[in-house]
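Here's a quick tour to read with the model open beside you. Keep the sequence handy so you can find each stretch as we get to it.

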Amino acid sequence: MDCQDEVNCGLHLVIQTSSLPEKNKVEFKLNKDTSSFPGRLLQHDLERNYSSRQGDHINLVSSSLSSFPILQRSSEEKILYSDRLSLERQKLTVCPIINGEDHLRLLNFQHNFITRIQNISNLQKLISLDLYDNQIEEISGLSTLRCLRVLLLGKNRIKKISNLENLKSLDVLDLHGNQITKIENINHLCELRVLNLARNFLSHVDNLNGLDSLTELNLRHNQITFVRDVDNLPCLQHLFLSFNNISSFDSVSCLADSSSLSDITFDGNPIAQESWYKHTVLQNMMQLRQLDMKRITEEERRMASVLAKKEEEKKRESHKQSLLKEKKRLTINNVARQWDLQQQRVANIATNEDRKDSDSAQDPCQIDGSTLSAFPEETGPLDSGLNNALQGLSVIDTYLVEVDGDTLSLYGSGALESLDRNWSVQTSGMITTVSFTFIEFDEIVHVLPKLKIKFPNSLHLKFKETNLVMLQQFNALAQLRRVDQLTIDPQGNPVVNFTLWKYYVLFRLSHFSMQKINGTEVTQNDMIMAERLFGILAHVASSELPQYRLISILGDARKKQFRYLLESKGKKPGIINEENNDSKRLVGENTNRATLNYTTRDFYNEKLEEVKEKKKFCKTYIEDLVKEATEINMKNEALQKLWPQMFIELVRDAVIEIRNKNSYMKLCLQQITDQK
């Protein structure tokens, strides 16, 4: 019978000594039709001892021709144990020379001090080789053992899996308790059924393709953080991953694709401490029969199924929310782009007008980057399902209205039309914060009366990208019912660059008794400072206006208060102050402050025309001054050119005149006489 036949037919080996009773007999069955043997072997990491005393009948003889001891067995020993040999606990440091034992099938070198595998290349019928608990650092010397089915190299010093190319019939490979850091060079072992790599230094599991017969894989007590390629093992039934560093199911997600896996262990991993651990494993691996060495009950499967349905519903809801969130992001980005285009057009118009006025060569398309809204374009990568769903979304919306809890957010000028809706009493009463984004403040001013009516409980206003550019615009907020908090985002609102803008807000809207501005608490000292800075402004504004004009500005709501103030003249100061306080509480806004109002863009455009006229006048006046100065300069330059010749002529005439002293004196006397 050749080697291949011996492997396939199965082998029944009995290890026994003549002095052992029947109960100490140890049987090993190697049969490809059953997996009970390797399952029992590796359930305890193959850490067991043979009970044989066969070594009592073996002699190791030293030879002067070789540095290796030579094995000698008695005839009785060869007859009793013709196909097996045990050299367990013989304190061997090298493998002895074994001659005349070519028929050996089982060789045991357990518990020695062997550092290298050698001197066994002649044992070509060897089926099982046990080198457990030695000091071997490299797998070698096995290339001729083509019939080898069981190779036990546990508890050695091996750092790399190598030199197994010719062991294609290997059925059991035990490498536990070594120093291996990587699974490699085993893809050709298509008949391997049991692989033990427990207690090594593995950090990940991969490179398992080709192990088509593997039924049991032991990876206990490593440093594994993720697992791959296990789903490519068609026969794998038992996988032991206890006591590693696996912290999430995603790192072992390939296990869910294995249809053959029935027994798995995760105990001793961080993942096993999570509350969701058990039902997550069961709902992703429905074919399991055992988890962490415990049989899975039908109740546990049912609970896992229920939790799986809840998880699926949660994922669907999450998907829906993600879809809505992404649609919101796309809409806001579209609104932001529209806003940027609008601001660019305004900036281009202003730039062109400045060019015409100054005849400068500045590029009219050049836009200051600070005017562009910096809204986030990306929120992170999206899964493929969400991307497919988003393909049908419309991104042409130019405005967005969103109610989130007690906050109403309006994006784009079109959103202001939503204030005309028939809001439910519950919703309108719930809104306490209103946020405006990408909307011109002058457009917001027109809807403030509607805001006061539709949302009577709104206390907090937020403005972002609304073109708040002057303090005067805050006057428009005085028409609201109440404002406790005001938030002005620096983005798109240049007014916040003014040092005193907060004090002006506190002064102008003092009747609201505001509590916070841009998240900062308003103190009594702030109110006092605001009054000191701008109190005179309101006094001047009201005192310079004629009475008829003042009453028309105040309107009916303020007329009674104004007449009351006029009638109170001449009363005692204490009485006046008390009555004023009462009036302020009843009527609200202070009369002097009410004169500080705000007219929207039409009025502002008129002011711009006036400013343009002034600029034009100033420009003409300066041009005239420059022209006159130029003419004077030209005359001065001409004089400088003529002066040398003129000076020479003057000197010449003077010399000629005084050449004859008597004649010159007579001439001078004659001139004096003529003058008289």
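What follows is a short walk through some strands, a helical stretch and one serine.

Bear in mind that this is a predicted model. The main topics are an open sheet built from 11 strands, a strand called β20 whose five residues are all buried, a stretch with a coiled-coil annotation in UniProt, and Ser-162, which sits in a loop.

**The open sheet**
- If you trace the sheet across, the strand order is β5-β6-β7-β8-β9-β10-β12-β14-β15-β16-β17, and the pairing is mixed.
- At the edges you'll find β5 (84-86) and β17 (294-295), each of which pairs on one side only.
- Zoom in on β15 (residues 263-265) and β16 (residues 290-291): these two run parallel and are joined by two bridges.
- To spot that pairing on screen, look for Asp-263, which stands opposite Gln-290 in β16.

**Strand β20 and its neighbours**
- β20 covers residues 433-437, and it's mostly covered, with five of its five residues buried.
- Its side chains split two ways: Thr-433, Ser-435 and Thr-437 point one way, while Val-434 and Phe-436 point the other, and all of them are buried.
- One partner is β19 (residues 407-411), which runs parallel to β20 and is joined to it by five bridges.
- Within that pairing, Leu-408 has Val-434 of β20 as its bridge partner.
- To get from β19 to β20, the chain passes through helix α7 (residues 425-430), making a right-handed β-α-β crossover.
- β20 also pairs with β21 (residues 460-464), again parallel and with five bridges.
- Here the bridge partner of Thr-437 is Lys-464 in β21.
- Helix α8 (residues 441-454) carries the chain from β20 to β21, and this β-α-β crossover is right-handed too.

**The annotated coiled coil**
- An unreviewed UniProt entry labels residues 296-329 as a "coiled-coil region".
- In the model, the chain over residues 296-329 is 94% helix and 0% strand.
- The C-alpha atoms at the two ends of that stretch lie 46 Å apart.

**Ser-162**
- Look for Ser-162 in the loop between β8 (150-152) and β9 (172-174).
- So is Ser-162 buried or exposed? It counts as buried because its relative accessibility is 13%, and the cut-off for buried is under 20%.
- Leaving aside residues up to four places away in sequence, Ser-162 touches Ile-139 and Asn-185.

Technical notes:
Residues are numbered from 1 along each chain as its sequence is written. This is a predicted model: local features need pLDDT of at least 70, side-chain atom pairs count only at pLDDT 80 or more; totals for chains, interfaces and linings use all residues. Side-chain values use heavy atoms; hydrogens and water are left out. Two strands pair if DSSP finds at least two bridges between them. Helices (H or I, at least four residues) and strands (E, at least two) are DSSP runs, numbered from the N terminus. Buried means under 20% relative accessible area, exposed over 50%, partly exposed in between (1.4 Å probe, protein chains only). A crossover is right-handed if, with the strands pointing away from the viewer, the path from the first strand over the helix to the second runs clockwise. UniProt positions are given in the numbering used here, feature names are shortened, and annotations may be inferred rather than shown by experiment. Contact means heavy atoms within 4.5 Å.
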